[in-house]
Amino acid sequence: MSRRWFITGGTPGNFGMAFAEAALETGDRVVLTSRRPQELTTWTQQYGDHVLVVPMDVTDTAAVQRAVRTAEEHFGGIDVLVNNAGRGWFGSIEGMDESALRGMFELNFFGVLSVTRAVLPGMRARGSGWIVNVSSVAGLVAAPGFGYYSATKFAVEAVTDALRDEVAAHGISVLAVEPGAFRTNAYTGFADEPVAEPIPEYHDMLKEVRAAFVEMDGAQPGDPRRGARAVIAAMAQEPPPRRLVLGNGGYDAVVDALQQSLADIRANETLSRRADFPA
């Protein structure tokens with residue numbers, strides 16, 4: 001029996017499209033949401049009634065509720081939710097504009113919560129479902145210049161871990177996916193985006209960050225189609241993984257960071273254990 005997917009962030013050339021196409025390859029049906037659904041008209045036509053494109057902005061709670069209701073009425077329910085919508089801005093921790101960082105949390109974190117909370121009642125009622133939260137390697141390894149983006153993804157990681165245990169008894173599985181550098185359109189805007197940093201001492205650092213992303217645009221090693229297929233393969237495992245890092249560079253960076261963290265914690269074990277009242 002085919003599954004019914006609800007995927008956020010459907011923009012040509014990004015992971016949302018890759019997830020949709022991977023699901024369609026298996027014979028599943030897909031609801032793909034987008035803030036600009038007109039861009040998907042030609043793409044949709046090749047899949048007929050297996051695809052429904054719904055306009056939705058994840059930061060608009062009312063629009064999220066309408067989109068989920070439309071998807072459930074059209075296909076009879078949602079079996080797999082992929083929280084893919086998101087974006088990154090660069091800036092220093094000290095100097096980044098507060099409205100920009102709050103906007104990033106609204107999109108990358110609160111948007112995930114809004115869609116998840118709208119989809120969960122139907123999954124609980126059926127006693128089954130999958131929630132796939134697209135985090136990032138930056139959600140496990142913080143990067144200078146992208147501290148607030150990392151913070152949004154660290155928050156997604158925490159919610160994903162807690163949610164997994166909360167809904168397991170209801171037959172719902174939860175997976176965190178952490179892509180590294182993938183060849184999507186995520187880096188295309190950096191060339192035109194100025195370094196809007198009010199503190200001069202951080203300008204050089206942020207210019208280097210932007211230059212690295214501009215240079216990598218179009219040459220990222222990760223293949224979104226292979227990444228999406230890897231996620232589907234992980235979902236089929238028994239038991240499925242709690243998280244899946246995607247890409248060679250991302251895998252190495254995450255393993256190295258976790259090993260360093262563990263070594264640091266263990267190096268201070270005596271100080272940690274002395275913090276309790278004496279036995």
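1. In this predicted model, strands E4 and E5 run parallel and are joined by four bridges. Strand E5 spans residues 129–134. One of the residue pairings between the two strands is that of Asn-83 with its bridge partner in E5, Asn-133.

2. The connection between these strands deserves attention. From E4 the chain passes through helix H4, residues 98–126, before it reaches E5. This β-α-β crossover is right-handed.

3. Strand E4 also pairs with strand E1, which comprises residues 4–7. The pairing is in the parallel sense and extends over three bridges. Within it, Phe-6 stands opposite Leu-81 of E4.

4. The burial of E4, residues 80–83, should be read together with these pairings. Val-80 and Val-82 lie on one side of the strand, Leu-81 and Asn-83 on the other, and all four are buried, which leaves both faces covered. In a regular strand the side chains alternate between the two faces of the sheet. Asn-83 is thus named twice in this note: as a buried residue of E4 and as the bridge partner of Asn-133.

5. A further point concerns the aromatic residues. Seven aromatic pairs are found when the whole structure is searched. One pair is formed by Phe-146 and Tyr-149, whose ring centres are 6.1 Å apart and whose planes meet at 85°; because an angle over 60 degrees counts as edge-to-face, the pair is placed in that class.

6. Phe-146 and Tyr-149 are both buried. Ring pairs connect these two residues with Phe-90 and Phe-213 in a cluster.

Terms used. Residues are numbered from 1 along each chain as its sequence is written. This is a predicted model: local features need pLDDT of at least 70, side-chain atom pairs count only at pLDDT 80 or more; totals for chains, interfaces and linings use all residues. Side-chain values use heavy atoms; hydrogens and water are left out. Rings of Phe, Tyr and Trp (its six-membered ring) pair if their centres lie within 6.5 Å; planes under 30 degrees apart count as stacked, over 60 as edge-to-face and the rest as tilted. Buried means under 20% relative accessible area, exposed over 50%, partly exposed in between (1.4 Å probe, protein chains only). Two strands pair if DSSP finds at least two bridges between them. A crossover is right-handed if, with the strands pointing away from the viewer, the path from the first strand over the helix to the second runs clockwise.
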